Structures are given as structure tokens and as C-alpha cells.
Amino acid sequence: MTDDDVQVRLRRTLEAIPAYVPGKPAQPEAGQTTYKLSSNENPYPPLPAVQAVVEQTAASMNRYPDMFATGLVQAIADHLGVPAEYVATGTGSVGVLGQIVAATCGEGDEVVFAWRSFEAYPIVAHAAGAVPVAVPLTADARHDLPAMAAAVTDRTRLVLVCTPNNPTGPVVHTAELVDFLDQVPRDVLVVIDEAYVEFVQDPQAPDALALLRERPNVAVLRTFSKAYGLAGLRVGFAVAHPPVAAALRKTAVPFGVSGIAQDAAVASLAASAELAERVQALVIERERVVTALAGQGWQLPATQANFVWFPLGEDTPAFAAACGEAGLVVRPYAADGVRVTIGETAANDRLLEVAAAWRVRG
């Protein structure tokens, strides 16, 4: 039997779905430590208290988890100061994003987002049969919110605002976001995607939860994968007004968030003070790297996340290859640029060496 013998009718919309490109793992090389800086992971190992909870919960993996993640939902609600009925969980922020699109979009409906931004946006839109509407970033790699507002039509059902923007790093500011929200129809859901919010230091960054409390068509998307270091366990959540949150629970995969993931997330929230210390250490390291790169002559977007963006255009593959030769696995984006995660100090030092050599060569 060959592929030509398969005559199953598949949805034609799948032909338009771009492939998600994950960050490559670091392959060991003789005589050189390699570092994975391609997936924006937290370089620190799990906290001992979280590790202990995972090991304990693993003993009951033969049982289904709480489908409604009751304990986790309440822990998130308590942590954020919102009612529990405002919280919906899923398998990472990507999983919750899929729930959001499934709950808001049908065939031919439009999803507006900035581009380049999180590469899952067009994927989940196409998968739902919706039409992705990508609005180019500004010259300084920020959301062009006036252009995004102009892109909203009567077919728009969902708008995604990624702040800090992945992969470029800048945040949207409160005043411009409020002005944008004032222009979006009340029946269009605006999701503020804050996967990297814990790393934000910019005083002009918005308080997304405060905006949500004021506006029924705003939802906030967050994850335990980045700052909390639970990328391998897949836990994300949305905060939204109860009718929207209830819809997200309806579109969730039953039992999607494992018991181990639920308990690890609860334990992580309980250890928030220790995790805050780790986040602050990464922020300090980010600022060290950004300052050093500026000193080398690089003009990069103002990142507020745990990564830096090199807008290299056609030089993107060559710079990624130079990093690879130095034992750094980074994330190139076609002919747009290279995203590099802030990792271990030794890895960051090596990045600075590669970047300096590139400037001299250039």
C-alpha cells in the first residue's frame, strides 16, 4: 500500500496550516558544552518542593486527573485575586488558545494578530477553519495597534495581542492598548497573551487583569511553561468573564491537564517567592546581555521577555549557524531574525562572544 491508496477525505483547510517549528534540542558535542537557547525555557531545574510533589503524584498516574482542575483553578484564582469562575485551564497556553479559537470562530471568521508574533496563531486559526489576519509589526518590532484596529471587520471574532511579543520582545503600553480596546467592537474577544508577563519591568506595561475587570470582551492568557519552569508538563490558563470562561471549559480536551501537572502548578504558586527570585535573576541577566550587545553596536528591540531578538533579515541562517558552531542552539525565523533565550550565564557569555565576532566580521 502507498500513500496514493489513502482516499480518506480530509478538510481542505489543513493544506493551509503552516508547520509549527519547535526549538531544536542541544546535541552533545565532544569537547564543548552545548546550550539550548531556542525554546525560551527556564534554565533552572524544578524547585525541590515542586519536584517532591511531582514524585508523589506520579504514584497515582494510573488514575484520571480531576477533569475540572478544581484545586488548580482555585489556587490560580486566589493568586490573582479573581473569582474561580473566571479561570479556565488547558494544556499550556497553546492548548487554551485552541480552546479560545474553537469557542469564538467558525468557518470563514477572522482572527486578527500582529506579525511576526507567536507562530501558533495562524496554525490554530487555520485548524478551526478561520481566516488569520496578520498585521505587520512596526519598524521597532512592536504591535501596530492602530493598524490592527483598522484590520477588524464584521467577520472578526477574535483579536490576539501578545505582550511581551514573541519572538521580538517589546510590550504594548497601557495608553495605546486602552485606545485600541476602545475601537474594538464589544462582541469581539480580545485576548491579551501574557506568556512572559513575569519578566516585565516596563512601568508602561498594562495591567491586563484590571482591563479585564473593566471590559467584558477582554481575556488574559498565561502559562506555567516559562517563568514557572513547567514547560514539559503543559499547563496554561485563561482569565475571562464567566460566560467566556465557561465556553473555554466546553472546548477543552477532557482530562487534558494531568494530575502531575495540576499538582506541580499548585506547588509552584505556593513557592512563588522562590520563583520570583529566579525570575529576577533572569531579568538581571537579560539586562546584562542587552547592555553588552548595545555596547557592541547592536540595535535590538527593547525586550521585556526572557529572550532577545536579532532582526537580521537575510543573514538569519548564517547567524544561527555561527551560534550553532559555538554550541548554541538558537531559533531562526526564516529571513526575519533570530530569537535567543536568556539561559545560563556561561551560555549568555558565549552568545556575547558570537555576537561580537559577528559585528567585527560584518
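In this predicted model, helix α10 (residues 272-296) packs against helix α12 (residues 345-361). Their axes lie 10 Å apart, at an angle of about 15°. Because angles under 35 degrees count as roughly parallel, α10 and α12 are assigned to that class. The crossing of this pair is right-handed. On the α10 side, the contact is built from E285, R288, V289, A292, L293 and Q296. The α12 side supplies T345, N348, D349, L351, L352, A355, A356 and R359. By class, the residues of the contact between α10 and α12 comprise seven nonpolar, three polar and four charged.

A second helix pair involves α3 (residues 92-104) and α4; the latter spans residues 120-127. The axes of α3 and α4 come within 9 Å and cross at roughly 40°. The two helices are therefore oblique to each other. The crossing of α3 with α4 is right-handed. From α3, the residues V94, L97, G98 and V101 take part. They meet A120, Y121, V124 and A125 of α4. The contact of α3 with α4 holds seven nonpolar residues and one polar residue, with no charged residues.

Both α3 and α4 also touch strands of a sheet. This open sheet has seven strands, in the order β2-β8-β7-β6-β5-β3-β4. Its pairing is mixed. Strands β2 (87-90) and β4 form the edges, each pairing on one side only. From one strand to the next, the twist averages 25°. Within the sheet, β5 and strand β6 (residues 189-193) run parallel and are joined by five bridges. In this pairing, L158 stands opposite L189 of β6. Helix α3 packs on the sheet and touches β2, β5, β6, β7 and β8. The direction of α3 makes about 155° with that of β7. Helix α4 lies across β3, β4, β5 and β6. The angle between α4 and β3 is about 165°.

A smaller set of strands is arranged separately, as β9-β12-β11. These three strands form an open sheet, and their pairing is antiparallel. The edge positions belong to β9 (307-310) and β11 (331-333), each of which pairs on one side only. The twist in this sheet averages 20° from one strand to the next. Strand β12 covers residues 337-341 and pairs with β11 in the antiparallel sense over three bridges. Here Y333 stands opposite G337 of β12. Helix α11 (residues 316-325) lies across β9, β11 and β12. Its direction runs at about 30° to β12.

Several loops carry backbone features of note. Two of these features are cis peptide bonds. One joins W115 and R116, with omega of about 15°. R116 lies in the loop between β3 (110-115) and α4 (120-127). Another cis bond joins N166 and P167, where omega is about 25°. P167 is located in the loop between β5 (156-162) and α6 (174-183).

Positive phi values in residues other than glycine occur at A141 and at R234. For A141, phi is about 65°. This residue sits in the loop between β4 (131-136) and α5 (145-151). Buried means under 20% relative accessible area. A141 has 9% relative accessibility and so counts as buried. For R234, phi is near 60°. The loop that holds R234 runs between β7 (218-223) and β8 (236-239). R234 has 31% relative accessibility and therefore counts as partly exposed.

Definitions and conventions:
Residues are numbered from 1 along each chain as its sequence is written. This is a predicted model: local features need pLDDT of at least 70, side-chain atom pairs count only at pLDDT 80 or more; totals for chains, interfaces and linings use all residues. Side-chain values use heavy atoms; hydrogens and water are left out. Two strands pair if DSSP finds at least two bridges between them. Helices (H or I, at least four residues) and strands (E, at least two) are DSSP runs, numbered from the N terminus. Axes are lines fitted to C-alpha atoms, for helices over the stretch in contact, and angles run from 0 to 180 degrees between N-to-C directions. Contact means heavy atoms within 4.5 Å. Angles under 35 degrees count as roughly parallel, over 145 as roughly antiparallel, 65 to 115 as roughly perpendicular and the rest as oblique. A crossing is left-handed if the near helix is turned anticlockwise from the far one by less than a right angle, and right-handed if clockwise. Ala, Val, Leu, Ile, Met, Phe, Trp, Tyr, Cys and Pro count as nonpolar, Asp, Glu, Lys and Arg as charged, and the others, Gly among them, as polar. Buried means under 20% relative accessible area, exposed over 50%, partly exposed in between (1.4 Å probe, protein chains only).
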